[in-house]
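Trainee: Please take one part of this model and look at it closely. I would like to see how that part is joined to its surroundings, starting from the outside.

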Amino acid sequence: MAQYVQPYRSSPEDRPRPRNVSREEAMKLDGYRHACHVMLYAPTSAKLFDRVPIRYIVLMMMRFDGRLGFPGGFVDLRDTSLEDGLNRELVEELGPSFNTLKVTEQDFRSSQVREMPQKAITHFYAKELKVEQMEAIEKEAALAKDHGLEVMGLVRVPLYTLRDGFGGLPAFLSNNFIGNSKSQLLYGLRSLRLLREDQIQDAIWCSQNIQY
Ligand SMILES: O=c1[nH]cnc2c1ncn2[C@@H]1O[C@H](COP(=O)(O)OP(=O)(O)O)[C@@H](O)[C@H]1O
């Protein structure tokens, strides 16, 4: 009689964590796929309810699989560079602005290697825009090739925490994120000093300990 074997399901804590590598090291590794994603951000003086500073518009997207992530995708290094491949993905996901408004090597921030579910290296970029450029991208994205297919819509990340202690960034962080995009978001906010370290730590703590 065939025996039922309980499938092995590792808990998130058991799974090997992605590790940071330099861009040079990442480019020398064999047998890994490369994916590039970008955090677009723009400083703003706008205030929510005329009182809560928005500070920065930071763009993520709702993906086809119901998870949040950054615009971008896999890049085939046999026929393109990291940045050309990324810009090509951005044209499909966000629209033709990225034929001219290109993400460049100067916008590169970090690379991480992961072994599961498949061997891949994720390269993270961040690019500062002006509010008007950001608004133009948001309008254009509804007409982009992938809109309503791979991209369900763009979302702005709330960087504030409301008086209830959960609304805003903590609630946003309790969403489901693809791959290491949540750690990329926190790394971006931290390294670009869009938020202070204590604000980031508070938001992470509240996202894990408070639910409304
Ligand atoms: O925002 C992100 N940050 C980091 N990794 C991501 C992000 N979005 C997707 N990924 C990972 O990158 C790889 C490429 O996925 P994606 O859906 O972006 O590209 P594709 O459209 O070329 O398939 C997948 O392994 C996915 O888990």
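**From an exposed loop to strand β2**

Mentor: Phe49 counts as exposed because 6 other C-beta atoms lie within 10 Å, and the limit for that class is 12 or fewer. The model is a predicted one. Phe49 belongs to the loop between β3 (47-48) and β4 (52-53). Its phi is positive, about 55°, although Phe49 is not a glycine. Most residues other than glycine have a negative phi. Arg55 also has a positive phi, of about 70°, and is not a glycine either. Arg55 sits in the loop between β4 and β5. With 17 other C-beta atoms within 10 Å, Arg55 is partly exposed, because that count falls between the limit of 12 for exposed and the limit of 20 for buried.

From these loops, turn to strand β5, residues 56-63, which pairs with β2 in the antiparallel sense over 4 bridges. One of the bridges can be located by residue: Pro43 has Tyr56 in β5 as its partner. β2 itself covers residues 33-43, and this strand is the part to look at closely.

β2 has further partners. With β7, the pairing is again antiparallel and again made of 4 bridges. His37 is bridged there to Gly72 of β7. With β9, β2 runs parallel, and 9 bridges join the two. Opposite Val38 in that pairing stands Tyr125 of β9.

Next, consider what β2 adds to the interior. Nonpolar side chains tend to be buried together in soluble globular proteins. Here the largest nonpolar core has 39 residues, and Val38, Met39, Val58 and Leu86 have the most contacts inside it. The largest contribution to this core comes from β2, with 6 residues. For Met39, leaving out residues up to four places away in sequence, the contacts are Val58, Phe70, Ala126, Gln184, Leu185 and Gly188.

β2 also takes part in the shell around the ligand. β2, β7 (72-75), β9 (120-128) and α5 (181-191) each give at least two residues to that shell. β7 supplies the most, with 3 residues. The shell has 15 residues, and those that come nearest are Gly69, Phe70, Gly73, Gly179 and Ser181. Phe70 is thus in that nearest group and also among the contacts of Met39. By type, the shell splits into 9 polar, 5 nonpolar and 1 charged residue.

One more link leads from Ala126 back to the outside. Gln106 is 20 residues from Ala126 in sequence, and their C-alpha atoms are 9.2 Å apart. Gln106 lies in the loop between α2 (82-94) and β8 (108-114). Because it has 8 C-beta neighbours inside 10 Å, Gln106 counts as exposed. The loop between β8 and β9 holds Pro117, and the peptide bond from Met116 to Pro117 is cis, with omega near 0°. Most peptide bonds are trans.

As for the wider setting, an unreviewed UniProt entry places the feature "domain: Nudix hydrolase" at residues 31-187. Over that range the chain is 23% helix and 32% strand, and the C-alpha atoms at the two ends are 26 Å apart.

Notes:
Residues are numbered from 1 along each chain as its sequence is written. This is a predicted model: local features need pLDDT of at least 70, side-chain atom pairs count only at pLDDT 80 or more; totals for chains, interfaces and linings use all residues. UniProt positions are given in the numbering used here, feature names are shortened, and annotations may be inferred rather than shown by experiment. A residue is near a molecule or strand if its C-beta atom, placed from the backbone, lies within 6 Å of it. Ala, Val, Leu, Ile, Met, Phe, Trp, Tyr, Cys and Pro count as nonpolar, Asp, Glu, Lys and Arg as charged, and the others, Gly among them, as polar. A nonpolar core is a set of buried Ala, Val, Leu, Ile, Met, Phe, Trp, Tyr and Cys residues joined through C-beta atoms within 7 Å. Two residues are in contact if their C-beta atoms, placed from the backbone, lie within 7 Å. Two strands pair if DSSP finds at least two bridges between them.
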